[in-house]
Amino acid sequence: MLAEARKLFSSLGYDRTTIRAVAAAARVDPGLVMRYFGSKSELFAKAAEMVEIEPEAGSTEQVAQHLLSSLTAKLETEPTATLAMLRSMLTHPEAAAGVQESIARQQHQLSQVMDLPDASLRTALFGAITLGVIVGRYLLELDGLRDASPEEVAEVLRPCIEALTHGGDPVARS
């Protein structure tokens, strides 16, 4: 049921996904969906839980590599929970709050391992890049991005991510 709910919320958004549609997709009675999840809102909250990869402290190179690996992992399989939240966040306040909370938590964790005075700005920029890449690849299906391998995307973004994690002038380090 949860997998089908993720797919529907991801493709239709919150407003157009119904308990009946989730039940039909999962081949169960709508009452069973309600029994396990209580309401559409609770089903959405469970379906849209995003898996977070906690950054580890280390050198700036290790932090950059961790972020690139995290981005690659998010692109390897369609992130249905993330897409459900993103597709729904513009019309459903609960989804918007969930996206904001998840990003803020990740941003805080990441800024703790970056020893830079503007770490909060840098982590926010990484979050914006990640969201933009996911939206561009899966929701907008942008040419080039849609068909690129996750590794290609990470390699093109590597100089940007390294500049965000290192601080200073990225050209000077080359």
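**Close-up 1. Lys7 and its salt-bridge partner in helix H1.** In this predicted model, Lys7 counts as partly exposed because its relative accessibility is 47%. Glu4 is also partly exposed, with 22%. Lys7 and Glu4 make a salt bridge, and their closest N and O atoms sit 3.6 Å apart. Why can these two meet along the helix? Lys7 and Glu4 are 3 residues apart in H1, so about one helical turn separates them. As a general point, an α-helix has 3.6 residues a turn, so residues three or four places apart point the same way.

**Close-up 2. The bend in helix H1.** Here's the whole of H1, residues 2-16. Its 15 residues would reach 21 Å in a straight helix, at 1.5 Å a residue, but the end C-alpha atoms are only 16 Å apart. Where is the kink in H1 centred? Look at Ser10: the kink is centred there, and it comes to about 80°.

**Close-up 3. The buried side of H1.** Ser10 turns up again here, as one of the buried residues of H1. The others are Ala5, Leu8, Phe9, Gly13 and Tyr14. And what covers them? The cover includes helix H2 (19-26), helix H4 (40-47) and helix H6 (80-88).

**Close-up 4. Phe9 and its neighbours.** Leaving aside residues up to four places away in sequence, Phe9 touches Tyr14, Thr17, Lys40, Leu43, Phe44, Ala47, Ala84, Arg87 and Ser88. Phe9 also belongs to the largest nonpolar core, which has 40 residues. Within that core, Phe9, Leu43, Val153 and Ile161 touch the most other members. Helix H5 (residues 60-76) supplies the largest share of the core, 6 residues. More broadly, nonpolar side chains in soluble globular proteins tend to be buried together.

**Close-up 5. A salt bridge in helix H9.** Glu162 and Arg158 both lie in H9 (residues 150-166), 4 residues apart, or about one turn of the helix. Their side chains meet in a salt bridge, 3.7 Å from N to O. Glu162 counts as partly exposed, at 27% relative accessibility.

**Close-up 6. A salt-bridge network.** Asp143, Arg146 and Asp147 are joined into one network by salt bridges that share partners. One of these links is between the side chains of Asp147 and Arg146, at 3.4 Å from N to O. Is Asp147 buried or exposed? Asp147 counts as exposed, at 59% relative accessibility, while Arg146 is partly exposed, at 33%. Across the whole structure, a search finds 6 salt bridges.

Key
Residues are numbered from 1 along each chain as its sequence is written. This is a predicted model: local features need pLDDT of at least 70, side-chain atom pairs count only at pLDDT 80 or more; totals for chains, interfaces and linings use all residues. Side-chain values use heavy atoms; hydrogens and water are left out. The expected span of a helix is 1.5 Å times one less than its number of residues. The bend at a residue is the angle between axes fitted to the seven residues ending there and the seven starting there. Buried means under 20% relative accessible area, exposed over 50%, partly exposed in between (1.4 Å probe, protein chains only). Contact means heavy atoms within 4.5 Å. A nonpolar core is a set of buried Ala, Val, Leu, Ile, Met, Phe, Trp, Tyr and Cys residues joined through side-chain atoms within 4.5 Å. A salt bridge is a side-chain nitrogen of Lys or Arg within 4 Å of a carboxyl oxygen of Asp or Glu.
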